[in-house]
Amino acid sequence: MEVKNLTGRHPLKDKVAVITGAGSGIGKSTVNRFVQEGAVCVAVDLNGDSLAALQEELPEYRSQLKTFQANVSNSEEVETMVDFAVSECGKMDIIFNNAGIMDGMLPIDELDDAMWERVMRINAGGVMYACRKAVRYYLERGEGGVILNTASLGGLCGARAGLAYTASKFAVVGMTKNIAFMYGDAGIRCNAICPGGIKTNIGVGLTEPSKRGTSRTMPGMGLMTRLGDPDEIAAAAVFLSCDASTFVNGATLTVDGGWSAY
């Protein structure tokens with residue numbers, strides 16, 4: 001899908017944004033969109049090669065793009081990620097906690113401890129570490145700031161994924177609402193995007209999906225009008241990150257083409 005400037009006025013001009021999972025899919029599209037809307041971006045991913053490729057694909061925005069390789073399930077690396085952004089860019093105004101993994105559609109009787117712990121550590125733990133660091137930084141700075149989390153329809157409904165992914169995304173929604181209420185009086189806004197089916201590679205590297213999990217979730221997949229494009233999520237991220245949404249806090253923005261309206 002063609003990327004279009006939202007306003008022609010660069011609504012993210014002079015903002016510094018940290019975006020995780022930036023090497024592919026939604027994260028990559030959001031970096032692309034944010035720099036075009038005027039932001040300086042620190043693109044974060046576990047895969048260093050994907051970050052190098054991202055820089056090569058955006059040569060005209062080289063001055064607005066910095067990269068940082070990190071594992072979001074490691075709290076120390078998340079802390080260093082934010083410190084890097086502040087040191088290199090002078091501040092951080094936005095953090096988009098987007099990195100995540102799927103769970104092979106595993107229902108609870110097929111779920112082992114290793115998968116549960118890995119999914120929760122990345123999808124929920126990674127978001128908590130980043131939110132905690134961001135809140136502490138924003139409070140110290142005294143100017144507020146934006147936190148944006150990628151949840152999912154799987155964080156609002158019970159039949160979009162396996163048990164671990166569903167639990168992790170419900171946790172993200174809960175964290176989002178708690179942070180928004182606890183720190184709204186300090187000028188900190190925390191919102192979540194809940195994408196529907198999006199054309200990304202989030203499932204790459206997983207073993208064969210569960211037959212039961214797939215058979216139970218697939219009928220609902222047929223109700224989608226189409227798969228969404230990552231840039232359509234990136235456009236929503238721009239709105240929730242810019243001054244057009246200053247009174248939006250604790251929201252879960254469903255971006256699914258009407259899939260969940262049935």
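A disulfide here is a pair of cysteine sulfur atoms within 2.5 Å. Keep that cut-off handy for the first exercise.

A word on the model: this is a predicted model, where local features need pLDDT of at least 70 and side-chain atom pairs count only at pLDDT 80 or more, while totals for chains, interfaces and linings use all residues. Residues are numbered from 1 along each chain as its sequence is written, and side-chain values use heavy atoms, with hydrogens and water left out.

**Exercise 1: the cysteines**

Task: Find out how many disulfides the structure holds, and work out why Cys41 is not bonded to Cys89.

Solution:
- Step 1. The count of disulfides comes to 0.
- Step 2. Look at Cys41: the closest cysteine sulfur belongs to Cys89 and sits 9.1 Å away, so the gap is too far for a bond.
- Step 3. Check from the other end: Cys89 is in no disulfide either, and its nearest cysteine sulfur is that of Cys41.
- Step 4. Now for accessibility. Buried means under 20% relative accessible area, exposed means over 50%, and partly exposed is in between (1.4 Å probe, protein chains only). Cys41 has 0% relative accessibility, so it counts as buried. Cys89, with 21%, is partly exposed.

**Exercise 2: three helix pairs**

Task: Describe how helix 3 packs on helix 4, helix 4 on helix 5, and helix 1 on helix 7.

Solution:
- Step 1. Get the terms straight. Two packed helices are described by the angle between their axes and the distance between the axes. Helices (H or I, at least four residues) and strands (E, at least two) are DSSP runs, numbered from the N terminus. Axes are lines fitted to C-alpha atoms, for helices over the stretch in contact, and angles run from 0 to 180 degrees between N-to-C directions. Angles under 35 degrees are called roughly parallel, over 145 roughly antiparallel, 65 to 115 roughly perpendicular, and the rest oblique. A crossing is right-handed if the near helix is turned clockwise from the far one by less than a right angle, and left-handed if anticlockwise. Contact means heavy atoms within 4.5 Å. For residue classes, Ala, Val, Leu, Ile, Met, Phe, Trp, Tyr, Cys and Pro are nonpolar, Asp, Glu, Lys and Arg are charged, and the others, Gly among them, are polar.
- Step 2. Take helix 3 (residues 75–89) and helix 4 (residues 113–141): the angle is about 40° and the axes are 9 Å apart. The two helices are therefore oblique to each other, and helix 3 passes helix 4 in a right-handed crossing. Among the residues that meet are Val78, Val82 and Val86 in helix 3, and Tyr129, Arg132 and Tyr137 in helix 4. That contact has 6 nonpolar, 1 polar and 5 charged residues.
- Step 3. Helix 4 and helix 5 (residues 163–183) pack at about 15°, with axes 8 Å apart, which makes helix 4 roughly parallel to helix 5. Their crossing is right-handed. The contact includes Trp116, Met120 and Val127 of helix 4, plus Leu163, Tyr165 and Met175 of helix 5. By class, the contact of helix 4 with helix 5 has 18 nonpolar, 2 polar and 1 charged residues.
- Step 4. Helix 1 (residues 25–36) and helix 7 pack at about 55°, with axes 8 Å apart. Helix 1 is therefore oblique to helix 7, and the crossing is right-handed. Residues of the contact include Ile26, Arg33 and Phe34 of helix 1, and Pro230, Ile233 and Val238 of helix 7. The tally for helix 1 with helix 7 is 8 nonpolar, 4 polar and 2 charged.

**Exercise 3: residues with positive phi**

Task: Locate Asp14 and Met105, and say what phi each has.

Solution:
- Step 1. Start with the background: most residues other than glycine have a negative phi.
- Step 2. Asp14 is not a glycine, yet its phi is positive, about 70°. Asp14 lies in the segment before strand 1 (16–20) and is exposed at 56% relative accessibility.
- Step 3. Met105 also isn't a glycine, and its phi is positive, near 60°. Met105 sits in the loop between strand 4 and helix 4 and is buried, at 15%.

**Exercise 4: two loop residues**

Task: Place Asn98 and Leu227, then list what touches each of them.

Solution:
- Step 1. Asn98 is in the loop between strand 4 (94–97) and helix 4, and is buried at 11% relative accessibility. Leaving aside neighbours within four places in sequence, Asn98 contacts Thr20, Gly21, Ile26, Gly27 and Thr150.
- Step 2. Leu227 is in the loop between helix 6 (211–221) and helix 7, partly exposed at 40%. Not counting residues up to four places away in sequence, Leu227 touches Gly197, Ile198 and Lys199.
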